[in-house]
Amino acid sequence: MEVNPLSIILVKSDSKGDRLLFRYPYTLPQQFQTSVTPSRKTPYSLINTGDDILQNAPPSNICFDQLYGICDKDLATLFAVKSELCNQKFELKVNDVRFVSHPTLIRSDQGSSDQKSSDIRINVVFALHAQASSSVVKCYYELSKRIGIALIYEERRDGYFSREIKTMVAVMDENSALQEQEQPASATGAVGGSVGAVGGTGPVTGTGGPTVVPSATAAGIAVGVFDTILKNTTLAQFIKTIYHDLCTTGLLNVTMNQTVTLSFCLPQKAHQFHKKGMVVEPETIDRCLESLKPYHGMLLLVDPSELFDCVPPSGANMLLQLIEVYNPLKSLQNMASDAELLIDYVYQIVGHLVYWAKATIIYPLCETNVYVIAPDAQLNIHSNLPDKFATKFPGMSLFEVISDFSLPTSIGHLTTPLQHPARQGRLAQMVLWMLQHHLLMQLHTYVQFVANLDGLEEDGGECDGAGGTQHHATSAVPSHLLYGSSAPSASSSQPLAVPMAGNRKHSLSEDRYSDSLSALLTTAASVSSHTRPSSASHRSNISHSSVGGLQTASSTDNDESIASIEDDDKLKRLLAAFPEPDRKAVARIPAASNPEDLALMVRLWKAGYFKGEHHLEEIMYFENLRRSQLLQLVDKFREVLIIYETEDPAIATLYTEQPAE
């Protein structure tokens, strides 16, 4: 899909008539005449026009990615709209060209009697490929609207547009007068075409005179007129700059009349600078930014000095504060805290930089991050990335370094504690460079809850065949989990040191309390983890102890019995959160006899984290957990929890779009 404009056309309409003031580009390449205009070997030869309709190609008004075949007079007639069509979207399709604009009405400050006759209607039209997507058309419409608003402002401020019109019209009138003076002295022949016409169909032979190509003559006249206008008016230079910036980078930062600065981004073009051939739609960027979380990070794709061109002056101070604390090892939450900015402001700044292809979203760089070579990494023999990598990191080979990520690999696996810190820092810089050029893709670990009922089904079948009781059917399940028995637990797993609060989100500011909470919970759990003495030892204590000892033993036994009953009740309540099939599968797991482990399991299951839609880093942030705690939980309940690695959809949407056609 082609996103570059074919042409930019400026048309005005007022009481003096309709006129095309300027268009750019106005010159076609040198090969235009030989490839477009049919040639004849002799004046009497015929051109094969192709009588078979099926063999005729559809008419085209595009030549070498430029507008061709429509004269300036016709363009002025098409785009000189009435007042009723101003301040709304204007779209017209002619053959394989789509014209998009936002006509603007400039009202004069004169009296109401002749105000209507002195109004000026201007139309900045963009000629695009007819196959352009709706998002591309929408972007160019927005750009035409902004240019119109800037012209209105400058016209009201110092009459800028009126002065530019007078200059352009004067150049055209002068050229027309010269053409009329030269016409009587010209040789007898058919010299056709109006000023600025570019829509000739071929040569014409005069009677007794030389052969003249009308389209070439008219095109030469138009080139001379527009060259003069381009030299004498800043508005024409403004339009030329817009065209070249859109075709090269897709980023605009131009000033009109040294007063109004126009900033605009065409994301479908701008993001191709970092990944050639990929078209990133604005809707895709919006979906990514809507999924932005405080635990995400930012990676700049350009030098920080290039960031201020895309930010309005009102946001320059906040951007400077963010850049001063920028670090790809920090999360957005940490950078907002260091820069003393609200997280919402950081979201807006980062979203703006991502839209302008100045930054991308990553997870903060750390040793546990897992990376793999991107499936569409540009590592072919024609790529210049190996040379750029060798220039950035002398003595290193891109293919040698990236081969370590042929399989999913974490940064920690590529480093050892014995390595020099400078070497570890160099590896981090190389990883960041490969992320900037979209050569690596980060994989995250996702957890999916899948109940395993194979054992339960086998036990149930044996029970039904033997006509057994319910005790045999549930022999594989600890009875105290299903019926609340006070039998001692045989599990040796230790409770996890995690806060036992409800399903609520924790901010990063609570990290400083995690150690103290973990210590307190670990101490409390160790005190309550002693098993209750057996009934035999209890009877022995009764027979060989004194009355005081009997009272002490009975009191301790009663306390432990009450605690055990409370634990069993708690286990029953926790298991009740699962549906019946899932409940039996979870109850079979030894770790389910530990109230703390089961409570954490139920807490995360209720929050919906075990549906394969949330990776570990997201669970860690919102539930204020450590990675080791989550990995221990997944390992203990591995019979019903499966893990897999894939990219984060919020970030992958920026780089998985279909390539441009």
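Which residue stands opposite Thr-255 in β10? I looked it up, and Thr-261 in β10 is the partner.

A note on what I'm reading: this is a predicted model, where local features need pLDDT of at least 70, side-chain atom pairs count only at pLDDT 80 or more, and totals for chains, interfaces and linings use all residues. Residues are numbered from 1 along each chain as its sequence is written, and side-chain values use heavy atoms, leaving out hydrogens and water.

Hairpin. I went to β9 (residues 251-256) and β10 (residues 260-265), which run antiparallel to each other and share 6 bridges. Pairing here takes at least two bridges found by DSSP; helices (H or I, at least four residues) and strands (E, at least two) are DSSP runs, numbered from the N terminus. The two strands make a hairpin with 3 residues between them, and Asn-257 in the turn has a positive phi of about 55°.

Helix α7. Next I checked residues 234-248. At 1.5 Å a residue, these 15 residues should span 21 Å (1.5 Å times one less than the number of residues), and the end C-alpha atoms are indeed 21 Å apart. I listed its buried residues (under 20% relative accessible area, 1.4 Å probe, protein chains only): Leu-235, Ala-236, Phe-238, Ile-239, Ile-242, Tyr-243 and Leu-246. Down the axis they fall within an arc of 160° (directions from the axis to the C-beta atoms), so they line one face of α7. Just after α7, Gly-250 has a positive phi of about 80°.

Confidence. The chain averages a pLDDT (the predictor's confidence in each residue, from 0 to 100) of 76, and 70% of the residues score at least 70. I marked residues 187-214, where pLDDT is below 50.

Notes:
Buried < 20%, exposed > 50% of the residue type's maximum accessible area, 1.4 Å probe, protein only. Contact = heavy atoms within 4.5 Å.
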